[in-house]
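Me: Hey, can you walk me through this one? I'd like to start with how the chains meet.

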There are 2 protein chains.
Amino acid sequence: MRIGLDMMGGDFAPAAAVKGVKLFLDTVASDAHLVLIGDESQLVPLLAEAQVDQSKYSVVHSSQVIGMNEHPTKALKEKPQSSISIGFHLLKNEKIDAFISAGNTGAMMVGTFYSIKAIEGVQRPTISTLVPRENGSQGLMLDVGINADCKPENLVQFAILGSLYSKHILKVDNPKVGLLNIGEEEGKGNLLAQATYPLLKENKQINFIGNIEGRDVLSEKADVIVCEGFTGNIILKMAESIYDIAARRNINDEYLNKLDSESYGGTPVLGVNKPVIIGHGISQNVAFKNMILLAQQMIESKLLEKIQESFHSGN
Amino acid sequence: MRIGLDMMGGDFAPAAAVKGVKLFLDTVASDAHLVLIGDESQLVPLLAEAQVDQSKYSVVHSSQVIGMNEHPTKALKEKPQSSISIGFHLLKNEKIDAFISAGNTGAMMVGTFYSIKAIEGVQRPTISTLVPRENGSQGLMLDVGINADCKPENLVQFAILGSLYSKHILKVDNPKVGLLNIGEEEGKGNLLAQATYPLLKENKQINFIGNIEGRDVLSEKADVIVCEGFTGNIILKMAESIYDIAARRNINDEYLNKLDSESYGGTPVLGVNKPVIIGHGISQNVAFKNMILLAQQMIESKLLEKIQESFHSGN
């Protein structure tokens, strides 16, 4: 398998990505070949200095970089030699099996939708976040930002996508799906939640356990937490701020430390035809390592084929 | 001033309320007379045992209690001798100047709307939560649950109500209003946030500083955080769960401890004609003390008159 990595994306590029590659190769048993996309003149000395095993990677030169604040569509059009543009070109043409970037999120989303496209039957591809729990297990919450306004059917599809991810990547058996809401009983909530509940309840592809509340987000009550991207994004960023507060206050707690975005790496775009993983701009070596590992798991588990089958069979 | 208190509401009634009354009288300089509504046969011995100064309170007997899970409208109708029904009767007839309960939230809301009514011009009364910040100051977030679906104009009114509360109760000079959103720039967010932004921007009654994100909720960026009650409620309950997690993990941090609902007491219903304060079911003595103090502050500061003037003058 060949995993493509944008070396020029993120606030600490390319050094953080190089360190992430080194960490991955040093700590993960893998036969993946890494395709490192970036400015050769910067990458080659950094890779040599880090003593990265040359048999495990190739460098694909890119002469342009899309900045973190550039307009996505415009930047992709005007910078065909950027690392992100080249990454999607390689992914589309099957030169790589997955593409990872901590660069401009908008450009990554636009690139994904135009080059890779949504899986047939998926109305709205989605991004998710891993939710650390005190017992060490991981939940999944989706959407966390790209679908700010949703219809009930979108949330049902998020439930299916999240359940497949939970099962095949997080290895959760029969993952419990919870609808994020402001009350436990059916009928509670805003109009969207009220309309979504019966659709989730009747859906045979998922294990729906009912509504969950804000206090349950970090608990083990549900393995897959479904919400529109407005609420999901705000919760995600608030959780990250709890980590920042704890760090600032010298609270060194194993669990609160896991709320750091660095520890979970990046989010896959679910519902598209190839593995695409988007990292936080502030990603450091651990985040890059975890994103490469996630790409490997997505390829090995054949997650996307399973999603395609699931939506092909109709839901 | 006369402050009415439902002694039978909440999970630890009436003992917690009695302890709260004692704590208030022992620690707060006040000329308030407390009207304690509840079962005389339970209250009298508890008050005697706690050695509460008899000149500071009267007991109004109630022979019924509305349970935490009863249907609000039905319960209010069928239990006219309940502590909540009597409290609203006293408030409506100006026998008390404020009413506090940690009982059935739905019954408190219904009672408020039917007995006390919304201030003219206020489309949607709202409930808020205090937001503790690391520097010791307090922000305000609203709505936190009774208005799950909102229109842009509702959010503008929450901004005005919250600003007046922040100014007159929290003593914040020219409080900064932030719109809770998933991006900083104007134009970001869901349809509601997109439509609300320009209305807040053009409103002369408030000091709008733009969008704030999930990571800013617990910061000093905005003094008044405006959102619909779906997102607000989920954030509030998640913040409370952070306190629970910290407590469970023996993290004893002064700031995280403030995320405990006990420390902020209860939420006033803003936008109605009299001070009504609703407490958490799990309220203990500190929460009751803080709710009585808040009622006193609302009366002393003439907050409701200021809200009435503000909406009377048009916005």
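Me: How many salt bridges are there between chain A and chain B?

Reply: There are 8 of them between chain A and chain B. Keep in mind that this is a predicted model.

Me: Can you show me one? What does A:Lys237 meet in a salt bridge?

Reply: Its partner is B:Glu213, and the N to O distance between the two side chains is 2.4 Å.

Me: Which helices of chain A supply residues to the side that touches chain B?

Reply: Helix 7 (191–202), helix 8 (229–248) and helix 9 (254–257) of chain A each put in at least two residues. Helix 8 of chain A has the largest share, with 13 residues.

Me: And what kinds of residues are on that side of chain A?

Reply: A mix: 17 nonpolar, 9 polar and 10 charged.

Me: How many residues does each chain bring to the contact?

Reply: Chain A brings 36 residues, and chain B brings 36 residues too. In chain A, the ones that lose the most area to chain B are A:Ile182, A:Phe230 and A:Met238, which together make up 20% of what that side buries.

Me: What area is buried between chain A and chain B, then?

Reply: About 3,400 Å², and carbon and sulfur atoms give 66% of that. As for polar contacts, 10 residue pairs are counted between chain A and chain B, with both residues at pLDDT 80 or more.

Me: OK, new topic: sheets. What is the strand order in chain A?

Reply: Chain A has an open sheet of 11 strands, and the order is 3-2-1-4-11-10-5-6-9-7-8 with mixed pairing.

Me: Why is one side of strand 3 and of strand 8 of chain A left without a neighbour?

Reply: Strand 3 (57–61) and strand 8 (207–212) of chain A stand at the edges of the sheet and each has a single partner strand, so one side of each has no neighbour there. Going from one strand to the next, the twist averages 25°.

Me: Do strand 1 and strand 2 of chain A run parallel or antiparallel?

Reply: Parallel: 5 bridges join strand 1 (residues 2–6) of chain A to strand 2 (residues 33–38) of chain A. If you want a spot to look at, A:Arg2 stands opposite A:His33 in strand 2 of chain A.

Me: Which strands does helix 7 of chain A touch?

Reply: Helix 7 of chain A packs on the sheet against strand 7 (176–180) and strand 8 of chain A, and its direction makes about 160° with that of strand 8. Helix 7 of chain A is also one of the helices that supply residues to the side touching chain B.

Me: And chain B, what is the strand order there?

Reply: Its open sheet has 11 strands in the order 3-2-1-4-11-10-5-6-9-7-8, with mixed pairing. Strand 3 (57–61) and strand 8 (207–212) of chain B are the edge strands, each pairing on one side only.

Me: How many bridges join strand 5 to strand 10 of chain B?

Reply: There are 2, and strand 5 (residues 126–132) and strand 10 (residues 266–270) of chain B run antiparallel. B:Thr126 stands opposite B:Leu270 there. Helix 11 (residues 285–300) of chain B packs on this sheet, touching several strands, including strand 10 of chain B.

Me: Back to salt bridges: what is the count over all chains?

Reply: It comes to 28. One example is A:Asp223 with A:Arg133, whose side chains meet at 3.0 Å, N to O. That pair links distant parts of the chain, 90 residues apart. A:Asp223 is in the loop between strand 8 and strand 9 (224–226) of chain A, while A:Arg133 is in the loop between strand 5 (126–132) and strand 6 (138–142) of chain A.

Note on methods. Residues are numbered from 1 along each chain as its sequence is written. Chains are lettered from A and ligands numbered from 1 in the order in which they are written. This is a predicted model: local features need pLDDT of at least 70, side-chain atom pairs count only at pLDDT 80 or more; totals for chains, interfaces and linings use all residues. Side-chain values use heavy atoms; hydrogens and water are left out. Contact means heavy atoms within 4.5 Å. Buried area is the accessible area (1.4 Å probe) that two parts lose on being put together, summed over both. A salt bridge is a side-chain nitrogen of Lys or Arg within 4 Å of a carboxyl oxygen of Asp or Glu. A polar contact is a pair of N or O atoms within 3.5 Å; within protein, one must be able to donate a hydrogen and the other to accept it, and residues adjacent in sequence count only if both atoms are side-chain atoms. Helices (H or I, at least four residues) and strands (E, at least two) are DSSP runs, numbered from the N terminus. Ala, Val, Leu, Ile, Met, Phe, Trp, Tyr, Cys and Pro count as nonpolar, Asp, Glu, Lys and Arg as charged, and the others, Gly among them, as polar. Two strands pair if DSSP finds at least two bridges between them. Axes are lines fitted to C-alpha atoms, for helices over the stretch in contact, and angles run from 0 to 180 degrees between N-to-C directions.
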